[in-house]
Each structure stands twice: as structure tokens, then as C-alpha cells.
Amino acid sequence: MKVSVKDTTILVIDDEKPILDVLEAYLEKEGFTVATALTGSTGWETFQKVKPALVLLDLMLPDRSGEELCQMMRKESDVPILMITAKSQQEDVIEGLNLGADDYVIKPFSPKEVIARVKALLRRSKSKDMPLADKLIFRDGELVIDVSKHEVSKKGKILNLTPAEYKLLLTLARYPGRTYSRSELLDRVLGDTADVYERTIDGHIKNLRQKIEEDSRKPSYILTVFGAGYKFSSEEL
């Protein structure tokens, strides 16, 4: 799927002006319209005004944390959010993903890598890869994926899943028992991109397990297939 950049606005929020300028130049060269902000407050105002197709969000801002801003955006929109972070620890990355971000890049980064990730996220957000059934129901209704409403419920309670978590669960649940490699899941959930971090999927899996499993340390729905990837099980273990 090609990405149409016509009338596609990318919002870049970063307090380092050299980084902001470089990203703006590379994105405009690819044909995107770019809005920029050096602070969290300005970024939030711009987000509400321009309704961007994607947000590049630095987590370390001077006036408001990127994590807080990510939560605010996610409450109002399913817009893809690509974190820009100097934090390379896995727990920091997982926290960002859990707040609603879809993917991340670690400083210092290649602008070409950022462009590839932006296009991949836009392809993923436009994907129409949906199951034919309106609802996927597992274990006598314990877990229900309502495709028409874009909702997932556990024991009758609606779960708060991020867009990436929802698509990941839907991908796995469409074919219970099928093993997906990390690269396959990355392609289906985040789109085809070069040098993507496989642990991005591990982070989304960890967050998803915490939301749908009775015990995330002993999962019964999303199983690890060692040396291969992950699969969904509709059967009680």
C-alpha cells in the first residue's frame, strides 16, 4: 500500500530546534505538510488545531512530559504516535507504548529511518485488513472482539487498548493456533519498515497481556512460541 502524502500533515514536537529543523526538512522533501512545536503546550494547541495524520513526539519536553501529552492525545484520537526518545531502557519504551504510542525511535537517529517509520505507521493506520465476522468471541464470551465497534471486552468490561494493541490482538485472534513471527507482526501492526526494533512487538505483547490475561506471567490467550514468535489460543490451558 502506497502512502498518499497529499494534504497529510505531520506534527513534530521536540524542544531541540536542530532536530526539529532536520525532521521538518526531510518530511517536506517527501511531500508532507509539517507543523512543528518546541514545547508541550504549543504542541497540544497545534495538535487540536491542525488534526495531524501522525505525531512525532519527543518524550523529554521542558514544560510538559511527552508521556502526559501522549495520554492527552490518545484520549481524543487514534492518530499514530511515533515517540522520539533518548531513553533506551526497555521499561521506558514499554511505558511509552502503554500510554498509547505506536512505535519509537531512539536518539541519535537517522532521518531516513524516521521517514520509513512514518510511512509505515501511515500505511498501518489505513489498512483495511479485517475479519469477515463482526464479532470474535472466545471462551463462552469471556473475551469478545467487536470489530464493528472497534472494541474489546473481558468479562463484559470494555478494555482500554491502544490502536497498536487492538490491531495486534485482532491479527493474532483471527487465526487461533497460528504462529506469527515478530517480523510478521511488525509488518501487520506497524507496517513494512527497515531496521524496525523487534522488541517493539514484545512491548506491545507485554502490555496486551496485562490487559487481557488473568495472570500476565502465565498467559493463556497470547502464548510465546520459543524461537518462533507468538500465537493466540482460544482454549483454556
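This is a short walk through two sheets, the helices that lie across them, and a few aromatic contacts.

One caution before we start. The model is predicted.

Let's take the parallel sheet. It is open and has 5 strands. Reading across, the order is S2-S1-S3-S4-S5. Which strands stand at the edges? They are S2, residues 33-37, and S5, residues 103-106. Each has a single partner strand, so one side of each is left without a neighbour in the sheet. From one strand to the next, the twist averages 20°.

Now look inside that sheet. Strand S3 covers residues 54-58, and strand S4 covers residues 81-85. They pair in the parallel sense, over 4 bridges. If you want a spot to click on, Val 55 is opposite Ile 81 in S4.

Next, a helix on this sheet. H1 spans residues 17-29. Which strands does H1 lie across? Four names here: S1, which is 9-13, then S2, S3 and S4. Against S2, helix H1 runs at about 170°.

On to the other sheet. This one is antiparallel, and it is open too. It has 4 strands, in the order S6-S7-S8-S9. The edge strands are S6, at 135-138, and S9, at 157-158. Each of those two pairs on one side only.

S6 pairs with S7, residues 143-146, in the antiparallel sense. That pairing also has its bridges counted: 4. Within it, Ile 137 has Val 144 in S7 as its bridge partner.

A helix lies across this sheet as well. H6, residues 163-174, lies across S6, S7 and S8, the last being 151-154. The angle between H6 and S7 is about 110°.

Last topic: the rings. How many aromatic pairs does a search of the whole structure find? The answer is 3. Take Trp 44 and Phe 47. Their ring centres are 5.6 Å apart. Their planes sit at 15°, so the pair is stacked. Where are these two residues? Both are in helix H2, residues 40-50. They are 3 residues apart, about one turn of the helix. Buried or exposed? Trp 44 is buried, and Phe 47 is buried too.

There is also a cluster. Ring pairs link Phe 138, Tyr 221 and Phe 232. Phe 138 takes us back to strand S6, which runs 135-138. Tyr 221 has a further contact. Arg 139 lies over the face of its ring, 3.8 Å from the ring centre.

That's the tour. Questions, please.

Notes: Residues numbered from 1 in each chain as written. Predicted model: local features only at pLDDT ≥ 70, side-chain atom pairs only at ≥ 80, totals over all residues. Heavy atoms only, no water. Pairing = 2+ DSSP bridges. Axes fitted to C-alpha atoms, helices over the stretch in contact; angles between N-to-C directions. Contact = heavy atoms within 4.5 Å. Phe/Tyr/Trp six-rings, centres within 6.5 Å; stacked < 30°, edge-to-face > 60°. Buried < 20%, exposed > 50% of the residue type's maximum accessible area, 1.4 Å probe, protein only. Lys NZ or Arg CZ within 6 Å of the ring centre and 35° of its normal.
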